[in-house]
Amino acid sequence: MGSERCIRDRARIGLHPRLARALVDGAAAVGGRAAAEVVALLSEPPPRAAGDDLTAAWRALRRQDRPADAHAARWRDEAARLRRALDGGAGPAGPAGRSDDHAAGTVVALAFPERVARRRGSGYLMASGTGAALAEGSALAGARPEWLAVAAADRPAGSASARVRQAVVIGEDVARSAAAPLLDAAEEVAWRDGDVAARRVERLGAIELSARPLRDPDPGLLRAALLDGLRAEGLGLLTWTPGAVALRERLAFLRAALGEPWPAVDDAALLERVPEWLAGARRRADLARIDVAGMLRGLLPWDQAKRLDEYAPERVEVPTGSRIRVDYSGERPVLAVKLQELFGWDAAPALAGGRVPLVVHLLSPAGRPAAVTADLASFWREGYRAVRAELRGRYPRHPWPEDPSTAVPTRRTKRASGS
């Protein structure tokens, strides 16, 4: 019954519900006369000459024994009407004796709680999340108050912030009290400034009032924050050892060559799997300790893991017995090996179950590419002669047989009987 009566009482006042609430609740907080006079000021847009300091405008009106203009007359009549409405039972008269700023700020904040604003940089942030700025020549700008209760604002064309047309200087106590429905405290775990920030934050709408560290945040929130960090800054937050990089390249090769069921390991695909890797991680430093190679291997079912070295070997043994690392970083897998080690070898093994031939980079004794081929037998027949003619004078201590297909492969310089 009490709430229904309150609604009926406010309706009888004949004001917008916001202003009716400000009148009734403001009267209880700062006194009926002050509440009525401030609400009367809010009932119509302020004249341009009034300036942006609502408290100063209110004082100026109170000092006039007789209204000097139509606006002042309307204000006095409306304030009297609202006083009568309060005296008629619409709400309590409440205490008096507060400062003008406190009284005006309380009533304005009760009417427009989402416009309570806190200083941010050179401007303000309202509880609604909208930025605001004092107009040029503002009477309030000199003191640069920490808090304002904004009574009127507009947004100039093309501006990202609202322009304060009239406001009252308030303290945080008034902001908290009058805009209490917007108060909220929550645990926030987020990626911020390059690491996880876990805080208990108290806010007034969009305005942060206080924050303190959380000692034991929810593990699910920690994982979500770390994943946000990886999405924002990339998988480089993980420690990519040479082995992990090489394994990822091998898996990418098999995915491209054979498709399913070999797993995708591009950034987007790994970011989908990363939450499984984050157990126990709480901060950026923990990301660097994740065993990326082990996690990549964990993407493979047992039968695929068994075939990995067969389909995409890390190294290939050449005729000399050397085990040469295969480079999977390009479009085709590459075996880079000194030419003399391949004498007598007519074909490099095909990878991906025989589907993809190795590209062989035949290196000079100095380790520079002398020829590139995916068909060794053809190279020995058709390309070797030109390479031999070019290099044997430059590297006379190394063997350059006329028939490499039958020559003995070697890692050494030529013997006395070499070609």
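**Reasoning from the values**

Mentor: Let's start with E37, which lies in helix α3, residues 32-42. Keep in mind that this is a predicted model.

Trainee: Happy to. Why is E37 called buried?

Mentor: The relative accessible area of E37 is 7%. Buried means under 20%, so E37 qualifies.

Trainee: Which side chain makes a polar contact with the side chain of E37?

Mentor: That of W58, at 2.8 Å. The limit for such a pair of N or O atoms is 3.5 Å, so 2.8 Å falls within it. Setting aside residues up to four places away in sequence, E37 touches W58, R62, W75 and A79.

Trainee: Two of those names interest me. What sits over the ring of W58?

Mentor: The charged end of R62, 4.5 Å from the ring centre. A similar description fits R115, whose charged end sits over the ring of F112 at 4.1 Å from its centre. The distance part of the rule asks for within 6 Å, so the values for R62 and R115 both satisfy that part.

Trainee: Now to aromatic pairs. How many does a search of the whole structure find?

Mentor: Six. Take W380 and Y384: their ring centres are 5.8 Å apart and their planes stand at 75°.

Trainee: What makes the pair of W380 and Y384 edge-to-face?

Mentor: Centres within 6.5 Å make a pair, and planes over 60 degrees apart make it edge-to-face. With 5.8 Å and 75°, W380 and Y384 pass both tests, so the name fits. These two residues also belong to one aromatic cluster with F343 and F379.

Trainee: Are W380 and Y384 buried or exposed?

Mentor: Buried: W380 has 8% relative accessibility and Y384 has 2%. Both values are under 20%, so the label holds for each.

Trainee: Where is Y384 found, and what is it in contact with?

Mentor: Y384 is found in helix α15, residues 384-391. Leaving aside neighbours within four places in sequence, its contacts are L339, F343, F379, W400, P401, E402 and P404. P404 is 20 residues from Y384 along the chain, with 8.2 Å between their C-alpha atoms.

Trainee: One last helix. How do you know that the span of α2 agrees with 1.5 Å a residue?

Mentor: The 14 residues of α2, 17-30, should span 20 Å, and the end C-alpha atoms are 19 Å apart, so the two agree. Buried residues in α2 include L19, A20 and R21. After α2 comes G31, with a positive phi near 105°.

Note on methods. Residues numbered from 1 in each chain as written. Predicted model: local features only at pLDDT ≥ 70, side-chain atom pairs only at ≥ 80, totals over all residues. Heavy atoms only, no water. Helix = DSSP H or I, 4+ residues; strand = E, 2+ residues; numbered from the N terminus. Expected span 1.5 Å × (residues − 1). Buried < 20%, exposed > 50% of the residue type's maximum accessible area, 1.4 Å probe, protein only. Contact = heavy atoms within 4.5 Å. Phe/Tyr/Trp six-rings, centres within 6.5 Å; stacked < 30°, edge-to-face > 60°. Lys NZ or Arg CZ within 6 Å of the ring centre and 35° of its normal. Polar contact = N/O pair within 3.5 Å; in protein donor to acceptor, adjacent residues only side chain to side chain.
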